[in-house]
Amino acid sequence: MVKTEELVDFLRINKESKLALKQNFTTASKYSHYSFNASKMMSMGEMWASLGSAMASVMFVWAMCQNLFPGELRGQIKRYEEKLRSFFSPYIQIIFPEYQGDGFQRSKAFMAIERYLDQNSTKQTNRLRANVIQDCEQIVLSMQEAGEVTDEYEGIKLWWASRKHTPTSQSISFYPREEAKRYFKLTFHKKHREIITKMYLKHVLDQGKAITVSQRQRKLYINKKSEDWYGYKRTMWSSVVFEHPSTFDTLAMEPKKKQEIIDDLTTFSKSKDYYAKIGKAWKRGYLLYGPPGTGKSSMIAAMANFMNYDVYDLELTSVKDNTELRKLLIDTSGKAIIVIEDIDCSLDLTGQREKKKEKKNKNEEEKQDKDPVKKKMKNMEEKKNSQVTLSGLLNFIDGLWSALGGERLIVFTTNFVEKLDPALIRRGRMDKHIELSYCGFEAFKVLAKNYLDIESHHLFSEIEHMLEETNVTPADVAENLMPKAAGEGADICLERLIKAIEQAKEDARLKAEEEAKLKAEEEERLRAEKEEKEKQKEGDSEVKSSEETLSKGVKENGEEVKENGKVAS
């Protein structure tokens with residue numbers, strides 16, 4: 001019993017001693033930790049104090065150098081420092097400034113690099129800058145200043161950095177722009193110099209331009225009068241956003257002919273090197289001709305949407321002379337379609353530049369010249385007339401100036417191709433002639449699919465037969481296929497089209513009869529005039545013969561009188 005109590009007391013005492021020992025150890029650890037932190041805090045404070053004094057010393061020395069050494073000497077020291085650094089460094093750096101030349105025009109290389117890096121920066125950096133760039137359809141994300149992006153080309157690693165240099169001196173400019181000069185810095189290893197300078201930079205510029213074209217808003221331009229070309233922010237063209245919905249899918253045309261045009265445009269867009277190889281300017285001319293309402297303007301819009309080009313609608317009557325025409329050409333961009341619609345009506349391109357006037361008496365002309373008011377009005381009328389010549393237009397589309405910019409389509413439209421000068425539409429100027437004629441059955445099926453969303457109907461066979469016999473334009477067909485009320489379906493629209501074709505056939509018959517009647521009357525009038533002229537000619541010949549007989553008789557009588565006088569003497 002005693003042994004058991006002693007054992008219990010021993011365990012209790014042992015446990016209490018362990019607890020006391022643990023408490024003592026914990027207390028000692030706390031005191032040692034506090035003393036360690038205190039010493040650490042004291043050493044950190046001393047370190048920051050030393051670092052602050054060192055920085056103050058460096059700043060003092062730098063300020064003294066700024067005051068003692070002139071700017072030219074500091075520039076020389078910096079240049080030698082850069083030379084020394086480049087001598088030992090295995091890397092090359094290329095700088096691409098934002099502005100070039102006089103400092104008012106943004107560098108095209110900088111803008112192309114900016115668009116190229118935008119795609120990589122959105123994937124690699126966390127801090128981005130959002131911009132709404134002019135002529136762009138969406139928000140463009142780019143890296144901020146002091147940002148860096150890593151790129152790789154054919155296994156070669158490169159580093160792009162965006163930097164900004166803020167000038168210390170203030171400058172005055174009439175053009176609002178940032179004073180800070182931004183630039184991109186490209187860094188790469190020396191051993192890759194040839195590949196980077198000859199291949200990689202071209203790749204970056206091409207990709208950047210392609211991204212710019214895909215993101216931009218396409219424009220429709222119209223030329224201004226030359227009086228509006230001058231002044232601040234002068235422009236020769238005014239523009240609106242090009243939003244025409246026409247595409248080759250909605251174009252009413254035979255599928256085979258449509259595919260031929262698409263293939264031709266695709267080949268042209270990929271033939272830059274080929275055109276350079278054969279020594280031709282990278283441009284192509286298209287002549288669209290056919291009756292009104294056959295889709296010439298829709299074809300131009302479809303070409304622009306397919307090629308992703310801008311459209312320049314050139315109004316020749318607003319151009320004074322050939323010099324202004326060349327200036328307008330210079331002010332156009334690449335990847336564009338230059339359009340001259342109804343060229344047979346724009347100017348008289350047969351060599352005659354003045355309007356035909358009725359003949360006037362000399363007295364009236366002299367009187368008009370003496371009148372100062374009429375003379376001034378006559379001079380103003382002459383100045384308004386365009387002095388663009390056929391030669392100037394030919395040089396515009398096929399001369400030395402036509403090679404500027406590159407990747408252009410030149411499109412002429414006309415309703416009467418026979419009126420145009422052959423020199424204007426020959427191959428090499430208008431390379432491809434596209435006839436847009438009356439609506440055929442294949443074109444009708446495209447319109448039926450677009451307007452009624454049907455591909456077959458029991459009235460199609462009847463319409464096909466009628467279209468073979470009657471000339472109807474795609475515009476007329478489309479107007480009749482368009483529902484005029486909410487409840488109109490395909491049956492009503494097709495029946496309306498059939499009635500319209502029948503009416504067109506009847507109108508064509510009446511017109512042909514009227515033309516035949518007018519032709520017969522004209523032939524009868526010409527025949528009557530011819531007979532009248534022949535009768536008049538016969539009468540004149542009879543009068544002439546009578547006069548000759550009379551004069552002969554008088555002459556014979558005179559000779560007899562003369563002979564009788566001689567006999568009498």
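Student: In which loop is E418 found?
Tutor: Welcome! This is a predicted model, where local features need pLDDT of at least 70 and side-chain atom pairs count only at pLDDT 80 or more, while totals for chains, interfaces and linings use all residues. Residues are numbered from 1 along each chain as its sequence is written, and side-chain values use heavy atoms, with hydrogens and water left out. Helices (H or I, at least four residues) and strands (E, at least two) are DSSP runs numbered from the N terminus. With those names in hand, E418 sits in the loop between β14 (408-414) and α13 (422-425).

Student: Is E418 buried or exposed?
Tutor: Relative accessible area decides this: under 20% is buried, over 50% is exposed and in between is partly exposed, using a 1.4 Å probe and protein chains only. E418 has a value of 61%, so this residue counts as exposed.

Student: How many Å separate the C-alpha atoms of E418 and D344?
Tutor: Along the chain, E418 and D344 are 74 residues apart. In space, their C-alpha atoms are separated by 9.4 Å.

Student: D421 is in the loop between β14 and α13; what is its relative accessibility?
Tutor: D421 has its C-alpha 9.4 Å from that of D344, although their positions lie 77 residues apart in the numbering of the chain. D421 counts as partly exposed because its relative accessibility is 24%.

Student: Which residues does P291 touch?
Tutor: P291 lies in the loop between β11 (283-289) and α7 (296-307). P291 and T414 are 123 residues apart in sequence, yet 8.3 Å apart from C-alpha to C-alpha. A contact means heavy atoms within 4.5 Å. Not counting residues up to four places away in sequence, P291 touches K296, N415, L436, S437 and Y438.

Student: What phi does N308 have?
Tutor: Most residues other than glycine have a negative phi. N308 lies in the loop between α7 and β12 (310-313), and is partly exposed at 26% relative accessible area. N308 is not a glycine, yet its phi is positive, at about 60°.

Student: And what phi does K335 have?
Tutor: K335 is in the loop between α8 (322-330) and β13 (336-340). With 29% relative accessibility, K335 counts as partly exposed. K335 is not a glycine either, and its phi is positive, at about 55°.

Student: Which residues is I330 in contact with?
Tutor: I330 belongs to helix α8 and is partly exposed, at 44% relative accessibility. The C-alpha atoms of I330 and W401 are 7.7 Å apart, with their places 71 residues apart along the chain. Setting aside neighbours within four places in sequence, I330 is in contact with W401 and L404.

Student: Which elements do the buried residues of α12 pack against?
Tutor: Helix α12 covers residues 390-398, and L390, G392, L393, L394, F396 and I397 are buried there. Those buried residues pack against β11, α8, β13, α9 (343-346), β14 and α13.

Student: What arc do the buried residues of α16 cover?
Tutor: In helix α16 (residues 474-481), the buried residues are P474, V477, A478, N480 and L481. They are on the same side of α16, because their arc around the axis is only 165°. The arc is that of the directions from the helix axis to the C-beta atoms. For these residues of α16, then, the value is 165°.

Student: Which residues line the largest cavity?
Tutor: On a 1 Å grid over the protein atoms alone, a cavity is a set of points where a 1.4 Å probe fits but cannot get out, and lining residues have an atom within 4 Å of a point. The structure holds one cavity of 30 Å³ or more, and about 30 Å³ of space lies in the largest, where points join across faces, edges and corners and the volume is the space filled by probe spheres set on them. Its lining is made up of K283, L329, I338, F396, S402, R408 and I410.

Student: How much of the chain is buried?
Tutor: The chain has 17 helices and 15 strands. Among contacts between residues at least 6 apart in sequence, 69% join residues at least 24 apart. Of the 569 residues of the chain, the share that counts as buried is 29%.

Note on methods: 1 Å grid on protein atoms, 1.4 Å probe; cavity = no way out; pocket = protein on both sides within 12 Å on 5 of 7 lines; lining within 4 Å.
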